[in-house]
Amino acid sequence: MHHFFVNPSQVDEAENKIVIRGGDVNHIRNILRMKVSEDMLVSDGQGHDYMCRIASFEEDGTILADITEETFEGTELRSKIYLFQGLPKSDKMELIIQKAVELGVYQVIPVSTRRSVVKLDEKKAAAKIKRWNLIAESAAKQSRRGIIPEVTGVMTFKQAVAYAEDMEWKLIPYENFKDMRSTGDIMEKICDNSQNGSIGIFIGPEGGFDEAEVDYAGEHGIHPVSLGRRILRTETAGLMLLSVIMYHLEN
């Protein structure tokens with residue numbers, strides 16, 4: 001079933017209708033070639049999902065849909081997970097964003113670190129962020145998320161650490177940290193106690209974090225963790241940790 005997002009202001013629960021406007025109208029009408037009476041899923045980005053049926057294609061370029069059922073499937077995790085991703089080379093960021101959204105991430109923050117090979121000027125960064133947010137939206141629709149996770153602007157490492165200051169849990173996988181028992185204890189506490197808390201995950205680019213960055217993170221309450229005996233690629237590390245957290249939070 002096709003899945004679309006609207007603003008809460010487009011939902012009229014009193015009249016049991018939703019107004020669809022913008023780019024989705026062209027997608028529904030001309031790409032998918034949907035017709036009156038066809039069903040679709042619509043989310044308001046606030047955790048409310050609506051089963052809808054197309055009622056009419058209006059002359060003003062909008063689509064009216066009748067709400068047939070309001071559901072709350074609870075597709076969102078009970079903790080908000082923020083992925084602080086060191087800027088990787090080539091198009092790896094696109095894969096990371098797509099899969100992170102599927103795994104339940106709340107927000108993705110691209111981070112420029114000492115070992116980041118990619119350096120984006122303001123113009124390139126704006127174009128990249130626009131592209132990355134479109135990928136996040138597409139992944140949210142595909143995985144039936146209740147929200148569209150945001151990809152923020154690029155931050156420096158210190159800006160990212162400051163951004164995470166008030167998060168309940170902050171983790172930084174580091175290849176020189178070998179204490180799996182400590183890592184297990186932290187994961188157990190996170191998944192037992194964070195009913196509505198927030199979790200920040202810091203992932204380095206190719207080559208990992210500089211030792212000074214890891215020390216700086218530790219000084220600001222970011223816990224080092226181990227991802228096992230093997231060295232994982234930057235596009236694997238964050239998704240591995242997200243998968244573990246998602247599994248435990250949903251159980």
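# Reading strands, charges and burial

Me: Where does Arg131 stand between buried and exposed, and what is its relative accessible area?

Reply: Arg131 is partly exposed, at a relative accessible area of 43%, a value computed, like the others here, from a predicted model. The class follows because partly exposed covers what lies between the cut-offs for buried, under 20%, and exposed, over 50%.

Me: With which residue does Arg131 form a salt bridge?

Reply: The general idea is that side chains of opposite charge can pair when their charged atoms come close. In this structure the partner of Arg131 is Glu94, and the closest N and O atoms of the two are 3.3 Å apart. Arg131 belongs to helix α3 (residues 122–142) and Glu94 to helix α2, so this salt bridge ties together parts of the chain that are 37 residues apart in sequence. Glu94 is itself partly exposed, with a relative accessible area of 23%. Elsewhere, Asp24, Glu137 and Lys141 are joined into one network by salt bridges that share partners.

Me: How many salt bridges does a search of the whole structure find?

Reply: The search returns 10 salt bridges, and one of the pairs is formed by the side chains of Glu206 and Lys92, at 3.0 Å from N to O. This pair links distant parts of the chain, since Glu206 sits in the loop between β12 (198–203) and α6 (211–219), whereas Lys92 is in helix α2 (residues 92–102), 114 residues away. Glu206 counts as buried, its relative accessibility being 18%.

Me: Which residue meets Lys17 in a salt bridge?

Reply: The side chain of Lys17 meets that of Asp66, with 2.4 Å from N to O. Because Lys17 lies in strand β3 and Asp66 in strand β6, the pair ties together parts that are 49 residues apart in sequence. Lys17 has a relative accessible area of 29% and is partly exposed, and Asp66, at 29% relative accessibility, also counts as partly exposed.

Me: How should I read the side chains along β3, and which of them are buried?

Reply: In a regular strand the side chains alternate between the two faces of the sheet. In β3, Ile18 and Ile20 point to one face and are buried, while Lys17 and Val19 point to the other face and are not buried. The bridge partners can be read in the same way: Lys17 has Asp12 as its bridge partner, and Ile18 is partnered by Ala65 in β6.

Me: In what sense do β3 and its partner strands pair, and over how many bridges?

Reply: With β2 the pairing is antiparallel, over 2 bridges, and with β6 (residues 63–71) it is again antiparallel, over 4 bridges. β2 and β3 form a hairpin in which 4 residues lie between the strands, and Asn16 in the turn has a positive phi of about 60 degrees.

Me: In what order do the strands form the sheet?

Reply: An open sheet is formed by 6 strands in the order β1-β4-β5-β6-β3-β2, with mixed pairing. Its edge strands are β1 (3–5) and β2, each of which pairs on one side only.

Me: Which residues gather in the patch of negative charge on the surface?

Reply: The patch brings together Asp12, Glu13, Glu15 and Glu70. Of these, Glu13 is found in the loop between β2 (11–12) and β3 (17–20), where the residue is partly exposed, with a relative accessible area of 45%. That value suits membership of the patch, because residues in patches must have over 30% relative accessible area.

Me: How far apart in space are Ile96 and Thr234?

Reply: From C-alpha to C-alpha the two are 8.9 Å apart, although 138 residues separate them in sequence. Ile96 lies in helix α2 and counts as buried, at 1% relative accessibility.

Me: For the protein chain as a whole, what share of the residues is buried?

Reply: Of the 251 residues in the protein chain, 46% are buried. The chain contains 7 helices and 13 strands, and its C-alpha trace spans about 60 × 40 × 30 Å along the principal axes.

Notes:
Residues numbered from 1 in each chain as written. Predicted model: local features only at pLDDT ≥ 70, side-chain atom pairs only at ≥ 80, totals over all residues. Heavy atoms only, no water. Patch = residues over 30% accessible without salt bridge, like charges linked within 9 Å, V, L, I, M, F, W, Y side chains within 5 Å. Areas by Shrake-Rupley, 256 points an atom, 1.4 Å probe, with all protein chains shown as cover. Salt bridge = Lys/Arg side-chain N within 4 Å of Asp/Glu carboxyl O. Lys, Arg positive; Asp, Glu negative; His and termini not counted. Charge placed at Lys NZ, Arg CZ, Asp CG, Glu CD. Buried < 20%, exposed > 50% of the residue type's maximum accessible area, 1.4 Å probe, protein only. Pairing = 2+ DSSP bridges.
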